[in-house]
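Me: Please take me through one part of this model closely, residue by residue. I would like to see how it connects to the rest of the chain.

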Amino acid sequence: QVQLVESGGGLVQAGGSLRLSCATSVRTFRTYAMGWFRRAPGKEREFVVAISRSGDSTYYADSVKGRFTISRENAKNTVYLQMNSLKPEDTAVYYCAALLSYSDPGLVVSWGQGTQVTISS
């Protein structure tokens with residue numbers, strides 16, 4: 001199992017930016033696609049974005065296209081989520097996940113514990 005640790009959440013005003021990080025100590029990090037999901041209050045967890053093992057390919061939910069950017073540094077076993085132009089509806093707990101495929105985000109191998117992101121209006 002891949003242990004994932006998220007960081008970087010917090011409170012920011014609408015229009016602001018945050019950068020989330022997700023790190024793991026496993027050497028097999030580069031063998032997994034990685035993704036970010038979120039769960040808003042009272043809603044089910046939803047897919048946000050995924051990135052391929054090499055980082056060459058990405059897949060975004062329509063709700064975040066043009067505002068969020070996923071990237072990864074395999075040498076540091078870390079994946080990032082840069083979030084810009086944040087909206088109150090982006091408020092959620094954000095989860096990092098190790099995936100079998102970036103193009104099929106349902107194939108989750110492991111979840112992180114989550115980090116809270118709150119956007120004030």
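Reply: Happy to! A residue is called buried when its relative accessible area is under 20%, exposed when over 50%, and partly exposed in between (1.4 Å probe, protein chains only). The model is a predicted one, so local features need pLDDT of at least 70 and side-chain atom pairs count only at pLDDT 80 or more, while totals for chains, interfaces and linings use all residues. Residues are numbered from 1 along each chain as its sequence is written, and side-chain values use heavy atoms, with hydrogens and water left out.

Let's look at strand S8 and the loops around it. Strands here are DSSP runs of E, at least two residues long, numbered from the N terminus. Asn-77 sits in the loop between strand S7 (68–73) and S8. It counts as buried because its relative accessible area is 15%. Although Asn-77 is not a glycine, its phi is positive, at about 55°.

Next comes Val-79. Contact means heavy atoms within 4.5 Å. Leaving out residues up to four places away in sequence, the contacts of Val-79 include Leu-20, Ser-21, Cys-22, Met-34, Trp-36, Ile-70 and Cys-96. Ser-21 belongs to strand S3 (residues 18–23), and with a relative accessible area of 18% it is buried. Beyond its neighbours within four places in sequence, Ser-21 is in contact with Thr-78, Val-79 and Tyr-80, among others including Val-5 and Trp-36.

Val-79 also leads us to the largest nonpolar core. Such a core is a set of buried Ala, Val, Leu, Ile, Met, Phe, Trp, Tyr and Cys residues joined through side-chain atoms within 4.5 Å. This one has 35 residues, and those touching the most other members are Met-34, Trp-36, Val-79, Leu-81, Met-83 and Tyr-94. At least two residues of the core come from each of S3, strand S4 (33–39), strand S5 (46–51), S7, S8, S9 and strand S11 (115–120). S9 gives the most, with six residues. In soluble globular proteins, nonpolar side chains tend to be buried together.

Finally, the loop between strand S8 (78–83) and strand S9 (92–99) holds Lys-87, and Ser-85 is found in the loop between S8 and S9 too. Ser-85 is another residue that is not a glycine yet has a positive phi, of about 50°. Its relative accessible area is 41%, so Ser-85 is partly exposed. Lys-87 is partly exposed at 35%. Setting aside residues up to four places away in sequence, Lys-87 touches Arg-67 and Ile-119. Its C-alpha lies 8.1 Å from that of Gln-13, although the two are 74 residues apart in sequence.

Note on methods. Helices (H or I, at least four residues) and strands (E, at least two) are DSSP runs, numbered from the N terminus.
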